[in-house]
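Here is a friendly walk through one protein chain, from its overall build down to single residues. Keep the viewer open as you read.

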Amino acid sequence: MPHAIRFHQPGGPEVFKWEEVEVAQPKAGEVLLKHTAVGLNYIDVYHRTGLYPAPLPAIPGLEAAGVIQAVGDGVTDLKVGDRVAYASGPLGAYSQERTMAADRVVKLPASISDEQGAAMMLQGLTAQYLLRRTYPVKAGDTILVHAAAGGVGLILCQWARHLGVKVIGTVGSEEKAQLAKQFGCDYPIIYTKEDFQEKVLEITNGKKVPVVYDSVGKDTFLKSLDCLSPLGLLVLFGQSSGNVPPFDLGQLSVKGSLFITRPTLATYTAKREDLVNGANELFDVVSKGIVKINVNQRYALQDAAQAHRDLEARKTTGSTIFTV
């Protein structure tokens with residue numbers, strides 16, 4: 001029988017168990033996948049800890065690449081042997097095999113490896129909707145990206161640079177500052193040594209920025225707002241430091257008629273058309289070398305607990321995958 005990482009109660013990484021699981025044959029509109037690589041993302045931590053509750057027992061994971069083993073009735077655009085990838089629910093990617101809704105997976109072009117597919121779908125599609133849809137950046141913009149050396153951050157920096165955008169990015173160490181700069185961050189700020197709000201004002205000559213992409217949450221929220229120019233947009237797409245506490249919306253008017261949005265990839269890819277279009281844009285920039293997908297850590301799927309410890313300790317950079 002195939003195996004999977006499963007947890008029966010929320011908690012720390014120690015709740016993960018390597019267990020045999022039953023995998024059903026695909027029903028109408030489904031495909032059976034044999035995974036070749038699985039992506040690690042911070043949202044997996046939220047599911048494991050119960051911040052985002054999941055029906056128990058649960059197999060975590062929202063992203064993987066694999067090969068189709070069987071197709072259900074009505075599936076016409078995918079066939080056995082196709083290389084595919086996905087970045088969507090339901091949970092279950094931390095597994096050797098699984099069934100998936102066919103409309104949630106996309107074919108991988110020959111120019112994209114399985115490891116790249118598993119490493120980039122969730123983070124890359126997130127970067128795509130952030131830059132191209134939530135706030136469509138334009139040449140000449142200066143933007144602020146938190147966690148610029150993280151998986152989404154490195155993709156944002158590269159893609160934004162290609163679009164003619166200047167990137168200010170926050171990072172936690174000199175090593176991460178060098179990495180972010182290498183991949184398109186014009187002004188890395190080590191937040192442990194410098195006040196990022198003051199640096200943004202200095203870099204922009206007091207003009208501030210039209211958009212802040214913030215995946216950190218509680219620790220950066222208020223200062224992120226103070227980095228925005230009038231009518232600016234705070235895009236809060238994660239909360240690695242914790243949830244933002246209750247906030248007086250009247251402050252948005254005081255600070256310049258600001259906007260806040262809390263987007264999710266699930267909403268932006270709910271329509272098959274949007275998923276395919278976003279994936280094709282992502283495949284294009286990766287295939288052309290505009291965006292390099294940096295698989296900087298690899299773990300065996302059985303070692304998922306250690307991977308989570310390293311992720312939460314901020315020991316990882318770029319993308320992390322599990323080999324299956």
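## Contacts and overall build

In the protein chain, 68% of the contacts with a separation of 6 or more are between residues 24 or more positions apart; contact means heavy atoms within 4.5 Å. What you are looking at is a predicted model, in which local features need pLDDT of at least 70, side-chain atom pairs count only at pLDDT 80 or more, and totals for chains, interfaces and linings use all residues. Residues are numbered from 1 along each chain as its sequence is written, and side-chain values use heavy atoms, with hydrogens and water left out.

The secondary structure amounts to 10 helices and 15 strands. These are DSSP runs numbered from the N terminus (helices: H or I, at least four residues; strands: E, at least two). The C-alpha trace spans about 60 × 40 × 35 Å along its principal axes. The radius of gyration of the protein chain is 20 Å, which agrees with the value near 20 Å for a compact globule of 324 residues. That radius is taken over C-alpha atoms, and the globule rule is 2.2 Å times the number of residues to the power 0.38.

How much of the protein chain is buried? Of its 324 residues, 53% count as such, where buried means under 20% relative accessible area, exposed over 50%, and partly exposed in between (1.4 Å probe, protein chains only). The protein chain exposes about 13,900 Å², with carbon and sulfur atoms supplying 51% of it; the areas come from the Shrake-Rupley method with a 1.4 Å probe, and for residues only the protein chains shown count as cover.

The chain has 33 positive and 33 negative charges, and their mean positions are 4 Å apart. Lys and Arg count as positive and Asp and Glu as negative, while His and the chain ends are not counted. Each charge is placed at NZ of Lys, CZ of Arg, CG of Asp or CD of Glu.

## Two nonpolar cores

A nonpolar core is a set of buried Ala, Val, Leu, Ile, Met, Phe, Trp, Tyr and Cys residues joined through side-chain atoms within 4.5 Å. The largest one has 57 residues, of which Ile 143 and Tyr 213 touch the most other members. Helix 2 (residues 114-134) gives the largest share of this core, 10 residues. Leaving aside residues up to four places away in sequence, the contacts of Ile 143 include Leu 131, Val 137, Ala 160, Ile 168 and Tyr 213. A second, separate core holds 32 residues, among them Val 21, Leu 40, Ile 59 and Ala 307.

## Buried residues and their partners

Three buried residues are worth a visit in the viewer.

| Residue | Place | Relative accessible area |
|---|---|---|
| Ala 65 | strand 4 | 1% |
| Ile 155 | helix 3 (residues 151-162) | 2% |
| Thr 316 | loop between helix 10 (304-312) and strand 15 (319-323) | 11% |

For the contacts below, residues up to four places away in sequence are again left out. Ala 65 touches nine listed partners, including His 35, Val 84, Leu 108 and Gly 117. Its C-alpha atom is 9.6 Å from that of Val 106, 41 residues apart along the chain.Ile 155 touches Gln 123, Gly 124, Ala 127, Val 291 and Ile 293. Ile 155 and Ile 290 are 135 residues apart in sequence, with 9.6 Å between their C-alpha atoms. Thr 316 has contacts with Lys 176, Gln 297, Tyr 299, Asp 310 and Leu 311.

## Loops with notable backbone geometry

Which bonds are cis? The peptide bond from Leu 56 to Pro 57 is cis, with omega near -5°, and so is the bond joining Gly 89 and Pro 90, with omega about 0°. Pro 57 sits in the loop between helix 1 (42-49) and strand 4 (63-71), and Pro 90 in the loop between strand 5 (83-87) and strand 6 (97-101).

Ala 147 is not a glycine, yet its phi is positive at about 55°. You will find Ala 147 in the loop between strand 8 (142-145) and helix 3, partly exposed with a relative accessible area of 31%. Arg 314 also has a positive phi, near 60°. Arg 314 belongs to the loop between helix 10 and strand 15 and is partly exposed at 45% relative accessible area.

Last stop: Asp 226, in the loop between helix 6 (221-225) and strand 12 (228-236). Asp 226 touches Gln 197, Lys 208 and Lys 255, not counting residues up to four places away in sequence.
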